[in-house]
Amino acid sequence: MINKYLEILEKLFLGMRFDGEWAKDLSQGIGVITLLVVSFLLFLIVKFLLKRVVGNLIRKTKFQYDDYFLGKKLERRIAFLVPVYMIEGLIYAVAPDLDMLDGFIYALARIGEITTFTGIIISITDSISEIYNSFDVSKNKPMKGFMQVAKIIAIMICILLIIGVLINKDMKDLLIGLGTLSAVLMLVFKDPILGFVGGIQLTSNDMVRIGDWIVKGDADGNVIDIGLTTVKVKNWDNTIATIPTYTLISDPFINWRGMTESGGRRISRSIIIDIDTIKFCTPEMLERYKKFQLVSKYITDKEAEIAEYNKKNNVDTSTLVNGRRQTNLGIFRAYLQEYIKQNPNLNHNLTMLVRQKDPTEFGVPLQIYCFSAQTDWLSYEAIQNDIFDHVYAVVKQFDLKVYQRPSSYSLSLMNDK
């Protein structure tokens, strides 16, 4: 058909008294333009059919995963194959007659075919990625890095094929020549290669998931994206930190997922007791402390144990330093131990203790070590603050004082006295 069309055009130009070569060239040029126009019209028609007709049919199906293939430019890229193959076929059919433009147009058609297939592969890859991300397993096993590698490989193959078309070389010859450039390619694609290896290790070892709270350098927040070369972290101040993927393998970082899964977030805070306020308990002090319900039984039991020990060892109890005695700090520690034990906002399946730490020049640190039952930040801070609000308020009831560095105001009051 195209040959007949070209013959008609050539006879028309010859009838208009054009030179034979001019008539042939003009007929070829108009033939090519006609071919391009027809191909473009076919492209629009096929695109319309795919987008409107096929797209509506896909949306109406009960199978939900086929909807992910819509909106990824897939229909446009598939429709583009129609004019590409049409141009290739017709030019190939009339190649002996198109000695002027056949090589150029055919090369363009081949490049169009290669880039179109590459685009289709990328669209399908993006759709598969979205389908996978719709499953819960994607949070534990993110595949974005692997999908990015697949797209990079597709693009690299596309570039090689286009180069082969332009210089008229086979893929095998290009790959042989590519071997000599491997060192340069390793340098250019260093980050993607390291990121790919790092992504495999992160995924296979389950080191990082989407939603994990991690701390790495200045990054402190939840992981929102795991890519081929970078991991994005949304910090608590809503800034976004970008971390190279391979550094999560080469350098240490903190992942708080274990804390979340354990159902308890650690509270580890100390108050400093002024050593000058620590003393043996007198009978009057013990009677007063027995009114505190949390330690009433402890004091009674401890007194019986101490009395039995002192009697057994013939201790002279007329002096406080002889034998065993209760101290206000010891009773206060027992009070705090019972207080956290009965606190409903703490996780009682994890470690709960109150302990003395090594004394410092400021006093004796008394540490509360336990785990809150809520792991989210707001609840955790509220639970921790409630505990220490109570501690600071009640410490005076045990004739103890919390050390506080004197301020200029305190010193001025002392001087006035």
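Here are some questions and answers about salt bridges and two helices in this predicted model.

Me: How many salt bridges does a search of the whole structure find?
Reply: Happy to start there. Side chains of opposite charge can pair when their charged atoms come close. Searching the whole structure for such salt bridges gives a total of eight.

Me: Which residue forms a salt bridge with D126, and which helix is that partner in?
Reply: The partner is K151, with the closest N and O atoms 2.9 Å apart. D126 lies in helix α4 (residues 102-133), so the pair ties together parts that are 25 residues apart in sequence. K151 itself belongs to helix α6 (residues 144-167).

Me: Are D126 and K151 buried, exposed or partly exposed?
Reply: D126 has a relative accessibility of 25%, and K151 has a relative accessible area of 22%. Buried would mean under 20% and exposed over 50%. Both values fall in between, so D126 and K151 count as partly exposed.

Me: In the salt bridge of D251 and K216, which residue is buried?
Reply: These two side chains meet at 3.6 Å, N to O. The pair links distant parts of the chain, with D251 in the loop between α10 (247-250) and β5 (254-255) and K216 in strand β1 (residues 213-216), 35 residues apart. D251 has a relative accessible area of 37%, so D251 is partly exposed. At 16%, under the 20% cut-off, the buried residue is K216.

Me: Which residues are joined into one network by salt bridges that share partners?
Reply: A good place to begin is the salt bridge between E305 and K302, whose closest N and O atoms are 4.0 Å apart. Both residues lie in helix α13 (residues 293-312), three residues apart, about one turn of the helix. Salt bridges with shared partners bring in one further name, giving a network of K302, E305 and R324.

Me: What distance separates the end C-alpha atoms of α13, and what span is expected?
Reply: Helix α13 has 20 residues, and the estimate uses 1.5 Å a residue. The end C-alpha atoms are 30 Å apart, which agrees with the expected span of 28 Å.

Me: Where do the buried residues of α13 sit around the axis?
Reply: The buried residues are V295, I299, I306 and N310. They cover an arc of only 50 degrees around the axis. That arc therefore puts them on the same side of α13.

Me: Which residues are exposed on the other side of α13, and what do the buried ones pack against?
Reply: On the other side, the exposed residues are K297, E308, K311 and K312. The buried residues of α13 pack against α12 (283-289) and α14 (328-341).

Me: Why do the buried residues of α15 line one face of the helix?
Reply: Helix α15 (residues 377-394) has 18 residues and reaches 26 Å from its first C-alpha to its last, close to the 26 Å expected. Its buried residues are Y380, I383, Q384, I387, F388, V391 and V394. They line one face because, seen down the axis, they fall within an arc of 130 degrees.

Me: Which exposed residues does α15 carry on the face turned away from its buried side, and what covers the buried residues?
Reply: The face turned away carries the exposed residues L378, D389 and A393. What covers the buried residues of α15 includes β6 (265-273), α14 and β8 (364-372).

How values were computed. Residues are numbered from 1 along each chain as its sequence is written. This is a predicted model: local features need pLDDT of at least 70, side-chain atom pairs count only at pLDDT 80 or more; totals for chains, interfaces and linings use all residues. Side-chain values use heavy atoms; hydrogens and water are left out. Helices (H or I, at least four residues) and strands (E, at least two) are DSSP runs, numbered from the N terminus. Buried means under 20% relative accessible area, exposed over 50%, partly exposed in between (1.4 Å probe, protein chains only). The expected span of a helix is 1.5 Å times one less than its number of residues. The arc is that of the directions from the helix axis to the C-beta atoms. Contact means heavy atoms within 4.5 Å.
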